[in-house]
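Here is a brisk report on one protein model, covering its sheets, a helix pair and two residues in loops. Keep the structure open while you read.

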Amino acid sequence: MPQFVVLGDVLVDVTARIRNPLNHASDTEARISLHAGGSASNTAAWLAYLGHDAWLIGCIGGDSFGTFLSDDLSARGVRSSLVIKESAATGACVVIVDSAGERTMLPDAGANALLGPADVSLAGFGPDSHLHVSGYALLRESTHPAAMHALMHARAEGMTTSLDAASAAPILASPRAFDAAEPLLDLLLANADEARALTGLVDPHAAAIALAGRVPWVIVKTGRAGAIAVHSGEMLSTSAPEIEVLDTTGAGDAFAAGLLPAWKAGFAPLDALQQGIEAATIAVTRVGAGPPAP
C-alpha cells in the first residue's frame with residue numbers, strides 16, 4: 001500500500017459558529033469549539049481515517065496547543081515528523097462559520113512559518129509513496145524553500161506529487177508563488193476561487209483548461225456543483241449530492257484525501273472524483289475540519 005506524505009500547516013482551530021451577521025465593534029452570539037486543524041494536518045487525518053498510510057511533515061510550538069495537536073494526530077493513526085520550534089507558538093486559526101456553513105478564516109501561522117529544508121524528514125519518501133503539499137507552504141516566503149526541497153527530493157525518488165492551491169487571497173498576493181513548483185507536479189487541486197486567482201478566468205471550466213497547460217492533471221472543485229478534472233485535453237465533471245451543510249472548513253482537505261488514493265491507484269477519473277466528493281460530503285456535515293474521532 002502506498003504511503004502518503006503530506007507537508008504543510010498544523011494549526012489549532014477556534015471555531016465560532018454564528019447565526020447572524022457580525023456586529024462590528026459590538027457582540028455577536030456564537031457557539032465556540034476547539035479543533036485540530038491546518039490544511040496539511042487535516043488531509044493527513046482524513047487519509048488515515050479512510051484507511052491509508054499517512055505521514056505528516058510540519059512544525060509546532062513547544063506549548064500546550066502543540067501537545068494537543070501531536071496527541072490528536074497520534075490517536076488518529078497519523079505518523080508525523082513534527083519539529084518543535086520552542087521560540088514560536090503553535091499556529092492557530094479563528095474560523096468564523098456563518099448560518100450557511102461557509103467559513104472565513106483568520107490564521108496565525110506561528111511555528112508553521114519556521115519550517116525550513118532541514119526540518120523536512122525524508123523518512124516517508126520512496127518510489128511507491130506520494131507527496132502532497134499544502135499551498136500555504138509555497139505561498140509563504142519563509143517556507144517556500146522547504147516545500148521546494150520536498151518536491152525536488154520526491155521527484156528524485158520517483159514519487160508522484162500533488163499540490164493543493166490552499167486559498168485565493170494569498171494567491172492574489174503572491175501570484176507567482178507556484179511557478180517553480182509546477183514542473184514538479186503531477187496533480188493540482190484548486191477550488192473555483194483559487195483557479196480564478198491563478199488564471200484570471202471566472203469560468204471554472206476555462207480556468208481548469210488553462211491550468212492543465214501547466215500541470216498534467218488538474219482538479220477544480222466547484223462546491224455544491226461538484227468537481228472538474230482535466231487531463232490530456234479531456235474534461236470530465238461530476239456533481240455533488242444535495243445535503244445540509246453545517247461547516248465547510250476542511251472540505252477541500254477531505255476531498256484531497258478521498259481523491260488522491262483513488263487517483264494514485266489508477267481509478268477512472270470520475271471514480272476518483274467521486275471518492276473525493278464522498279469524503280468532502282462527510283466533512284461538511286460536521287463542525288471542524290477533521291474526520292470523525294477514531
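Nine strands make up an open sheet in this predicted model. Their order is β5-β4-β1-β8-β9-β10-β11-β12-β13, and the pairing is mixed. The edges belong to β5 (79-85) and β13 (234-238). Each has a single partner strand, so one side of each is left without a neighbour in the sheet. On average, neighbouring strands of this sheet are turned by 15 degrees against each other, direction ignored.

At the β13 edge, strand β12 (residues 227-231) runs antiparallel to β13. Five bridges join the two. Ile-228 has Ser-237 of β13 as its bridge partner. Helix α2 also packs on this sheet, where it touches β4 (53-61) and β5. The direction of α2 makes about 175 degrees with that of β4.

**The four-stranded sheet**

A second open sheet is built from four strands in the order β3-β2-β6-β7. Its pairing is mixed as well. Here β3 (30-37) and β7 (103-108) stand at the edges. Each pairs with a single strand, so one side of each has no neighbour in the sheet. Neighbouring strands are turned by 20 degrees against each other on average, direction ignored.

Helix α2 (residues 64-75) lies across β2 and β3 of this sheet, at about 65 degrees to β3. Thus α2 touches strands of the nine-stranded sheet and also lies across β2 and β3.

Three antiparallel pairs, with an opposed residue pair in each, are listed here.

| Strand pair | Bridges | Opposed residues |
|---|---|---|
| β2 (residues 11-18) and β3 | eight bridges | Leu-11 and Gly-37 |
| β6 (residues 92-97) and β7 | six bridges | Ala-92 and Asp-108 |
| β12 (residues 227-231) and β13 | five bridges | Ile-228 and Ser-237 |

The hairpin of β6 and β7 has five residues between its strands. In this hairpin, Gly-101 takes a positive phi near 90 degrees.

**Two loop residues**

Is Asn-112 buried or exposed? Asn-112 is buried, with a relative accessible area of 3%. It is found in the loop between β7 and β8 (130-134). Leaving aside residues up to four places away in sequence, Asn-112 touches Gly-8, Asp-9, Val-10, Leu-11, Cys-59, Gly-91, Arg-140 and Thr-143. Leu-11 is 101 residues away from Asn-112 along the chain, yet their C-alpha atoms are separated by 8.2 Å.

Glu-182 lies in the loop between α5 (168-173) and β10 (187-191). Glu-182 counts as buried, at 12% relative accessibility. Leaving aside residues up to four places away in sequence, Glu-182 touches Arg-214 and Val-215.

**A helix pair**

Helix α8 (residues 251-264) packs with helix α9 (residues 269-284) at an angle of about 150 degrees. The axes are 7 Å apart. Angles over 145 degrees count as roughly antiparallel, and α8 and α9 are therefore roughly antiparallel to each other. Their crossing is right-handed.

Which residues of α8 make the contact? They are Ala-251, Ala-254, Phe-255, Gly-258, Leu-259, Ala-262 and Trp-263. From α9 come Ala-272, Leu-273, Gln-275, Gly-276, Ile-277, Ala-279, Ala-280, Ala-283 and Val-284. By type, the residues of this contact divide into 13 nonpolar, three polar and no charged.

Conventions: Residues are numbered from 1 along each chain as its sequence is written. This is a predicted model: local features need pLDDT of at least 70, side-chain atom pairs count only at pLDDT 80 or more; totals for chains, interfaces and linings use all residues. Side-chain values use heavy atoms; hydrogens and water are left out. Axes are lines fitted to C-alpha atoms, for helices over the stretch in contact, and angles run from 0 to 180 degrees between N-to-C directions. Angles under 35 degrees count as roughly parallel, over 145 as roughly antiparallel, 65 to 115 as roughly perpendicular and the rest as oblique. A crossing is left-handed if the near helix is turned anticlockwise from the far one by less than a right angle, and right-handed if clockwise. Contact means heavy atoms within 4.5 Å. Ala, Val, Leu, Ile, Met, Phe, Trp, Tyr, Cys and Pro count as nonpolar, Asp, Glu, Lys and Arg as charged, and the others, Gly among them, as polar. Two strands pair if DSSP finds at least two bridges between them. Buried means under 20% relative accessible area, exposed over 50%, partly exposed in between (1.4 Å probe, protein chains only).
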